[in-house]
Amino acid sequence: MRRSPLFFTLFLLIILTISCSRSETYKQPIAYNHKLHVEEADLGCLDCHKGVLTHRKATIPNIDVCIECHEEAMTESKEEEKLVNYISENRQIPWVQVHRVPDHAYFSHRRHVSLGKLGCQECHGNVAGMSLPFSRPAVKIDMEWCLRCHKKNGVDRDCATCHR
Ligand code: HEC
Ligand code: HEC
Ligand code: HEC
Ligand code: HEC
Ligand code: HEC
């Protein structure tokens, strides 16, 4: 049976629609492993994400933090080799930030973690169990998501709370 060009066009359109409707994914420069560091190196979230309790930004750690243990390789891992190179060349690791809110909305970690006493897991999932780096946000970060939790907790939902 000979399939018409129309068939292929439709097929292509369906594939395109499916791939566009999936959320964007990101690739990290080093296959960082959270599980390994929490379990084997006995590190807590705050040891690396140093801004969480006091600033808007949690901050993603870079070579100044990794150098404490990785100035020289301690494994055969190719990923660690990349890290040791960044450190020896004094170059920043170009991590891609995957959770983000646009500039017109105000979000602060200090407010939610220090004052709101929310755990990282509430918004970022089971990070301590992740052996691969983030390629997409743990949850879809949109206004609806913020509002749902504010409603549940009886927190302000005036527009100016978040759009300042
Ligand atoms: C307090 C010490 C410590 C710090 C700080 C630290 N690591 Fe590690 N790292 C370890 C230990 C322990 C291992 C596991 C070694 C083993 O398996 O024998 C490891 C292993 C690794 C590996 C190789 C294993 C793998 O998953 O391929 C990579 C890559 C790595 N770390 C990246 C990082 C990065 C990136 C940073 C900075 C953001 C960092 N580490 C900070 C202790 C540390
Ligand atoms: C109430 C929800 C919420 C909680 C709780 C929360 N986060 Fe976040 N996190 C976010 C949002 C929203 C963003 C995007 C913020 C932005 O664009 O500035 C984000 C971004 C981040 C980032 C990347 C950008 C940055 O701020 O450096 C890191 C790292 C991070 N969070 C770590 C943590 C850690 C570690 C904890 C627990 C100590 C935590 N978060 C708790 C919602 C949360
Ligand atoms: C998991 C629940 C949760 C999520 C999700 C959440 N919040 Fe909140 N938010 C809280 C709680 C609880 C407080 C109150 C903290 C306190 O005690 O001061 C708060 C407080 C705030 C405040 C300060 C409110 C005030 O009265 O000044 C702002 C601004 C804010 N959140 C913005 C955001 C934005 C923007 C998002 C989405 C990107 C978001 N929040 C998502 C729980 C949440
Ligand atoms: C050794 C340092 C280290 C420790 C400890 C650590 N992280 Fe991270 N974290 C990183 C690095 C490096 C990245 C960037 C690579 C990636 O996405 O996995 C990252 C990324 C993240 C992100 C995504 C930021 C973004 O791009 O939006 C979140 C959320 C996060 N970590 C939460 C946590 C939580 C929760 C814990 C504790 C259970 C934790 N981290 C412990 C180093 C660390
Ligand atoms: C709890 C925080 C919060 C409150 C309260 C809030 N917003 Fe938002 N709003 C956000 C966040 C976060 C975004 C960005 C969402 C995204 O990137 O998808 C946003 C996005 C928007 C946008 C842009 C829409 C878009 O598709 O990008 C508009 C317009 C908006 N908000 C209007 C309002 C109005 C009007 C109110 C009051 C009725 C309000 N917001 C209350 C957090 C909030």
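In this predicted model, 13 residues gather around ligand 5, and Ala105, Met143, Cys146, Cys159 and Cys162 come nearest. Two elements give two or more residues to this shell, namely H8 and helix H9, which runs over residues 159-162. Helix H8 makes the largest contribution, with four residues. Sorted by class, the shell around ligand 5 holds eight nonpolar, three polar and two charged residues.

Helix H8 itself deserves a second look. This helix spans residues 143-153 and is hardly covered, since the count of buried residues among its eleven residues is zero. Just after H8 comes Gly154, whose phi is positive, at about 65 degrees.

We can now turn to ligand 1. Here 21 residues form the surroundings, and the closest are Ala41, Cys66, Cys69, Ser77 and Glu79. The elements that supply two or more residues to this shell are helix H2 (34-39), helix H4 (63-70) and helix H5 (78-88). Of these, H4 provides the largest share, five residues. The shell around ligand 1 is made up of twelve nonpolar, five polar and four charged residues.

Two of the helices that line ligand 1, H4 and H5, also pack against each other, at an angle of about 115 degrees and with their axes 10 Å apart. Angles from 65 to 115 degrees count as roughly perpendicular, which is why H4 is described as roughly perpendicular to H5. The crossing of H4 past H5 is left-handed. On the H4 side, the contact is formed by Ile63, Cys66, Ile67 and His70, and these meet Glu80, Leu83, Val84, Tyr86 and Ile87 on the H5 side. By class, the residues in this contact are seven nonpolar, one polar and one charged. A general rule helps in reading such lists: an α-helix has 3.6 residues a turn, so residues three or four places apart point the same way. Cys66 appears twice in this account, as one of the closest residues to ligand 1 and as a member of the H4 side of the contact with H5.

The loop between H4 and H5 contains Glu71. Is this residue buried or exposed? Glu71 is partly exposed, because 13 other C-beta atoms lie within 10 Å, whereas a buried residue would need 20 or more and an exposed one 12 or fewer. Glu71 also shows how the chain brings separated positions together: Glu71 and Val84 are 13 residues apart in sequence, yet their C-alpha atoms are 6.1 Å apart in space. Val84 is one of the H5 residues in the contact with H4.

Key. Residues numbered from 1 in each chain as written. Chains lettered and ligands numbered in written order. Predicted model: local features only at pLDDT ≥ 70, side-chain atom pairs only at ≥ 80, totals over all residues. Near = placed C-beta within 6 Å. Nonpolar A, V, L, I, M, F, W, Y, C, P; charged D, E, K, R; others polar. Axes fitted to C-alpha atoms, helices over the stretch in contact; angles between N-to-C directions. Parallel < 35°, antiparallel > 145°, perpendicular 65-115°, else oblique. Left-handed = near helix turned anticlockwise from the far one by under 90°. Contact = placed C-beta atoms within 7 Å.
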